[in-house]
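User: Could you take a close look at one part of this protein for me, the second largest pocket, and then tell me how some individual residues sit in the fold around it? I'd like one connected account, please.

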Amino acid sequence: MFVTHAARRTLTGVAGVLVGHPFDTVKVRLQVQSMEKPQYQGTVHCFQAIIKQEGVLGLYRGLGSPLLGLTFINALVFGVQGNTLRALGRDSPLNQFLAGAAAGAIQCVICCPMELAKTRLQLQEAGPARTYRGPLDCLAQVYRREGLRGVNRGMVSTLLRETPSFGVYFLTYDTLTRALGCEPGDRLLVPKLLLAGGTSGIASWLSTYPLDVVKSRLQADGLRGAPRYRGILDCVRQSYRAEGWRVFTRGLASTLLRAFPVNAATFATVTVVLSYARGEEARPEGDAVPAAPAGPALAQPSSL
């Protein structure tokens with residue numbers, strides 16, 4: 001049975017999304033809640049409150065959006081990263097960062113509208129009175145009201161977040177897999193890849209997390225009442241003035257808790273698919289740029 005690279009990436013990406021989405025829902029709700037009337041006291045309380053009020057499915061609000069964009073993001077990220085690395089001609093740490101940054105920047109075209117829909121679905125009220133029936137309905141409604149500008153709300157903050165974070169992600173992953181000696185046939189290969197992938201996800205999050213808070217607030221702005229922010233700097237000013245610097249770490253615990261299980265699910269699925277579908281895969285020799293060990297199929301360390 002033949003399983004293509006794209007199919008494996010999709011399968012592993014789905015596994016990662018399913019494991020990580022509840023943590024993402026908690027992160028978004030903590031990031032955008034008003035401190036004048038806070039609903040949640042922290043990560044654990046947010047989990048408990050959602051399950052108590054909405055059931056376990058409440059943690060999976062907006063799941064359709066990342067699943068919908070998964071294949072397109074994978075195609076862009078891995079295609080751009082690989083082609084950029086080959087164009088740069090040498091597999092160095094700097095080129096790994098630049099290739100990852102290029103991939104992060106390009107995929108924002110899909111990532112930003114997808115995250116807009118996901119964020120709004122995660123925050124909308126439950127029940128028959130809900131505003132949006134799904135991600136496509138959400139984007140259609142936003143487009144009718146606000147045009148392309150509305151669909152791409154938060155694009156600049158997404159670009160500022162994704163470009164360096166993807167660079168950090170690929171650089172950290174490449175550095176760790178080399179340092180750990182991740183070679184084919186190593187009996188500890190899977191644990192090493194899990195460690196490298198999880199650590200890379202955490203590093204990429206820490207590098208740009210405050211921008212993720214700003215992005216979430218901009219995309220949720222106007223969902224419940226009149227819009228508050230005129231742009232990125234205004235959002236930063238108002239948020240800091242009202243809540244201090246800690247506002248830019250809101251939801252970070254949930255995010256970091258999400259990084260390892262997402263990558264664990266990703267790599268575990270890669271291993272299962274390779275074992276049962278294809279067996280030991282031959283590796284080409286003599287490539288101009290050495291191929292890194294199989295990386296996480298869900299190359300979206302930010303919101304997915």
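Analyst: Happy to. Buried residues make up 49% of the 304 residues in this protein, and please keep in mind that the model is predicted. The chain has ten helices and zero strands, so the order of elements from the N terminus on reads α-α-α-α-α-α-α-α-α-α. Of the contacts between residues at least 6 apart in sequence, 76% join residues at least 24 apart. The accessible surface comes to about 14600 Å², and carbon and sulfur atoms account for 64% of that.

Now to the pocket you asked about. The second largest pocket has a volume of about 700 Å³. Its lining is made up of 29 residues, and those that lie nearest the centre are Val-32, Gln-33, Ser-34, Gln-39 and Arg-224. Several helices give two or more residues to this lining: H1 (5–32), H2 (43–54), H5 (108–123), H8 (189–220) and H9 (232–243). Among these, H9 gives the most, with three residues. Sorted by class, the lining holds ten nonpolar, eight polar and eleven charged residues.

Two of the helices just named also hold residues that I can describe one by one. In helix H1 there is Lys-27. Its relative accessibility is 1%, and because buried means under 20%, Lys-27 counts as buried. The side chain of this lysine is joined to that of Asp-212 by a polar contact of 3.0 Å.

Helix H8 contains Leu-211. With a relative accessibility of 23%, Leu-211 is partly exposed, because this value falls between the 20% limit for buried and the 50% limit for exposed. Leaving aside residues up to four places away in sequence, Leu-211 touches Leu-160 and Arg-161. Leu-211 can also be placed relative to Ile-232: the two are 21 residues apart in sequence, and their C-alpha atoms are 9.0 Å apart in space.

Let me add two residues from other helices. Gly-100 is in helix H4, which covers residues 93–106. At 0% relative accessibility, Gly-100 is buried. Not counting residues up to four places away in sequence, Gly-100 touches Gln-81, Phe-166, Gly-167 and Phe-170. Ser-165 is 65 residues from Gly-100 in sequence, yet the C-alpha to C-alpha distance between them is 8.3 Å.

Asp-137 belongs to helix H6, residues 135–151. Its relative accessible area is 14%, so under the 20% limit Asp-137 is buried. The side chain of Asp-137 makes a polar contact of 2.9 Å with the side chain of Gln-141. Setting aside residues up to four places away in sequence, Asp-137 touches Thr-131 and Tyr-132. Asp-137 and Ala-117 are 20 residues apart along the chain, with 8.8 Å between their C-alpha atoms.

To bring the pieces together for your pocket: H1 and H8 are both among the helices that give two or more residues to the lining. Lys-27 lies in H1 and Leu-211 in H8, with Lys-27 buried and Leu-211 partly exposed. If you start from the centre of the pocket, Val-32, Gln-33, Ser-34, Gln-39 and Arg-224 are the residues to display, as they lie nearest to that point.

Notes: Residues are numbered from 1 along each chain as its sequence is written. This is a predicted model: local features need pLDDT of at least 70, side-chain atom pairs count only at pLDDT 80 or more; totals for chains, interfaces and linings use all residues. Side-chain values use heavy atoms; hydrogens and water are left out. On a 1 Å grid over the protein atoms alone, a cavity is a set of points where a 1.4 Å probe fits but cannot get out, and a pocket is an open set with protein on both sides within 12 Å along at least five of seven lines; lining residues have an atom within 4 Å of a point. Grid points are joined across faces, edges and corners, and a volume is the space filled by probe spheres set on the points. Helices (H or I, at least four residues) and strands (E, at least two) are DSSP runs, numbered from the N terminus. Ala, Val, Leu, Ile, Met, Phe, Trp, Tyr, Cys and Pro count as nonpolar, Asp, Glu, Lys and Arg as charged, and the others, Gly among them, as polar. Buried means under 20% relative accessible area, exposed over 50%, partly exposed in between (1.4 Å probe, protein chains only). Contact means heavy atoms within 4.5 Å. Accessible areas come from the Shrake-Rupley method with a 1.4 Å probe; for residues, only the protein chains shown count as cover. A polar contact is a pair of N or O atoms within 3.5 Å; within protein, one must be able to donate a hydrogen and the other to accept it, and residues adjacent in sequence count only if both atoms are side-chain atoms.
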